[in-house]
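Q: Please take a close look at one helix of this model, with attention to what covers it and to what surrounds it in the fold.

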Amino acid sequence: MTTTRIETSRLIPAPPAAIFALLCDPQGHVAIDATGMLQDATGDPVRQAGDSFAVHMDRESLGDLPEMGRYDVTVTIRDLEPDALISWTILGRVRPQIGHVYGYRLAEADGGTLVTSFYDWSDIHPDWRALDMFPVVSEDALRATLGILDRTVRRGYPRPAAG
């Protein structure tokens, strides 16, 4: 059986609303990224499916395609259920578009919120599937991002001053 989805979970000692607020904020994605690819973001916090924001990337961090250099992608929210679920697809400069989905599920639990990070490439375009390069982001990176999310939320998620 071919794996086309990875998930990892962590109990974070914070209410779902605090975690969800960070996950809806474009800068929050940059703050918790364990891959090093997300360098900055532009846009307002998302409020519904269909909302989007730009992420300024640097693929050199993964060491797999450093020739891509710095580039921008558009994150488009696919699912958004307040304090429970956020998922998104990524539109970049590559054609055809890849079609992979990233996201988080949140569930209240004793001691905080059980946060599950997932990455699903089951519906990627056939041209990309033929390259056999997925997952782009490993389970270890998802797990590390959850650790950074835990630390970031516990510290109060400081946002950089505007301007």
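A: In this predicted model, the buried residues of H4 are Ala141, Leu142, Thr145, Leu146, Gly147, Ile148, Leu149, Asp150, Thr152 and Val153. The cover over these buried residues includes strand E1 (5–12), helix H1 (16–24), helix H2 (26–32), strand E6 (101–109) and strand E7 (112–120). The helix itself has 16 residues and spans 23 Å from its first C-alpha to its last, which is close to the 22 Å expected at 1.5 Å a residue.

Within H4, which covers residues 139–154, Thr152 deserves a separate look. Thr152 counts as buried because its relative accessible area is 12%, and buried here means under 20%. Once its neighbours within four places in sequence are left aside, Thr152 is in contact with Leu22, Ala31, Ile32 and Tyr157.

The sheet against which the helix lies is open and has seven strands in the order E1-E7-E6-E5-E4-E3-E2, with antiparallel pairing. Its edge strands are E1 and strand E2 (38–42), each of which pairs on one side only, and neighbouring strands are turned by 25° against each other on average, direction ignored. Further along that order, E5 and E6 pair in the antiparallel sense over five bridges, and Ile86 has Tyr104 in E6 as its bridge partner. H1 packs on this sheet, touching E1, E4, E5, E6 and E7, and its direction makes about 165° with that of E6. H4 also packs on the sheet, where H4 touches E1, E6 and E7, and the direction of H4 makes about 25° with that of E1.

The segments on either side of the helix have backbone details of their own. In the loop between helix H3 (126–129) and H4 lies Pro135, and the peptide bond from Phe134 to Pro135 is cis, with omega near 10°. The loop between H3 and H4 also holds Asp132, which has a positive phi of about 50° although it is not a glycine. Asp132 is classed as exposed because its relative accessible area is 68%, the cut-off for exposed being over 50%. On the other side, H4 is followed by Gly156, whose phi is positive and near 90°.

Another aspartate outside this region can be set beside Asp132: Asp83, in the loop between strand E4 (70–81) and strand E5 (85–91), has a positive phi of about 60° although it is not a glycine. With a relative accessibility of 33%, Asp83 counts as partly exposed.

Methods: Residues are numbered from 1 along each chain as its sequence is written. This is a predicted model: local features need pLDDT of at least 70, side-chain atom pairs count only at pLDDT 80 or more; totals for chains, interfaces and linings use all residues. Side-chain values use heavy atoms; hydrogens and water are left out. Helices (H or I, at least four residues) and strands (E, at least two) are DSSP runs, numbered from the N terminus. Buried means under 20% relative accessible area, exposed over 50%, partly exposed in between (1.4 Å probe, protein chains only). Contact means heavy atoms within 4.5 Å. The expected span of a helix is 1.5 Å times one less than its number of residues. Two strands pair if DSSP finds at least two bridges between them. Axes are lines fitted to C-alpha atoms, for helices over the stretch in contact, and angles run from 0 to 180 degrees between N-to-C directions.
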